[in-house]
Amino acid sequence: MKEPSIPDHPPPITHHGLAFAIWITGLPASGKSTIVSALKPQLEGLGLTVEVLESDEVRRVITPIPTYSEAERDLFYRALAFTGQKLVAHGVTVVFDATASRLVYRDFARTVISRFIEVSVECPLATCMERDRKGTYRKGQRGDSLTVPGLQSPYEAPINPDLRINTTTTTSDAAARKILDLVKTKFL
């Protein structure tokens, strides 16, 4: 499979204030969105303006009839990172709730957003398949989708994330507290 390419990108924007970005990555149905739901109000409790960029929601605008091809994913994740970069530059803390199955997608975001945390949400594929409320894995197993990360398409887990969270042993509230502790240590 051909490695996706990200064209040259602008240097990170220097921002004012406390804004930063958190990319929460993991297999589909690993628990990312549940953690984000617990994390957002905790960040807002610190007086931060927070915007969640959830991949399915953003994808409906950028690629309303997604093919999930490598070229489309490359475009989508560049646009997602660019959006996050602009928000952070204007003082909005961004939480990316997106699988971003390739390292290059998340690395690109890290290069354009200087205040950046990567959180790896870790969960065995079998558990993700059991939890799958959206039917993503069932579509993949039936052949209705040929690009499900972890099933037919590779998922490149972070090599050196800022934080690892195992959602088989950590509740979403506890995970959110761990992320918040990291935020306080790094940025506040």
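Which residues touch the most other members of the largest nonpolar core? Keep that question in mind as you move through this predicted model.

**Stop 1: the whole chain**

Show the protein chain as a cartoon. Seven helices and five strands appear. Follow them from the N terminus, and the order reads β-α-β-α-α-β-α-β-α-α-β-α. The radius of gyration is 16 Å, close to the 16 Å that the globule rule gives for 188 residues, so the chain is as compact as a globular protein of that length. Now rotate the C-alpha trace. Along its principal axes, this trace spans about 50 × 40 × 30 Å.

**Stop 2: the surface**

Switch on the surface. The protein chain exposes about 9200 Å². Carbon and sulfur atoms supply 55% of that area. Next, colour the charged side chains. There are 23 positive and 21 negative ones. The centres of these two sets lie 2 Å apart. Then hide the surface and look inside. Of the 188 residues, 48% are buried.

**Stop 3: the largest core**

Select Ile22, Ile24, Leu39, Leu43, Val95, Val119 and Ile179. These residues answer the opening question: in a core of 24 residues, they touch the most other members. Now colour the elements that give two or more residues to this core: β1 (21–25), α1 (32–44), β2 (50–54), β4 (116–122), β5 (163–166) and α7 (172–187). Which element gives the most? It is α7, with seven residues.

**Stop 4: leucine 39**

Zoom in on leucine 39. Set aside its neighbours within four places in sequence. Leucine 39 is then in contact with Ile22, Ile24, Val95, Ala176, Ile179 and Leu180. Apart from this core lies another one, of 20 residues. Select some of its members, including Ala81, Ala98, Ala100 and Val112.

**Stop 5: lysine 186**

Go to helix α7 and pick lysine 186, which has its place there. Is lysine 186 buried, partly exposed or exposed? Lysine 186 is partly exposed, with a relative accessible area of 38%. Leaving aside neighbours within four places in sequence, this lysine is in contact with Phe116, Ile117 and Asp162. Now draw a distance line from lysine 186 to valine 148, C-alpha to C-alpha. The two are 38 residues apart in sequence and 34 Å apart in space.

**Stop 6: contacts along the chain**

Zoom out again to the full chain. Consider the contacts with a separation of 6 or more. Residues 24 or more positions apart account for 78% of them. Leucine 39 with Ile179 is a contact to look at again on the way out.

How values were computed: Residues numbered from 1 in each chain as written. Predicted model: local features only at pLDDT ≥ 70, side-chain atom pairs only at ≥ 80, totals over all residues. Heavy atoms only, no water. Core = buried A, V, L, I, M, F, W, Y, C linked by side-chain atoms within 4.5 Å. Buried < 20%, exposed > 50% of the residue type's maximum accessible area, 1.4 Å probe, protein only. Helix = DSSP H or I, 4+ residues; strand = E, 2+ residues; numbered from the N terminus. Contact = heavy atoms within 4.5 Å. Rg over C-alpha atoms; globule rule 2.2 N^0.38 Å. Areas by Shrake-Rupley, 256 points an atom, 1.4 Å probe, with all protein chains shown as cover. Lys, Arg positive; Asp, Glu negative; His and termini not counted. Charge placed at Lys NZ, Arg CZ, Asp CG, Glu CD.
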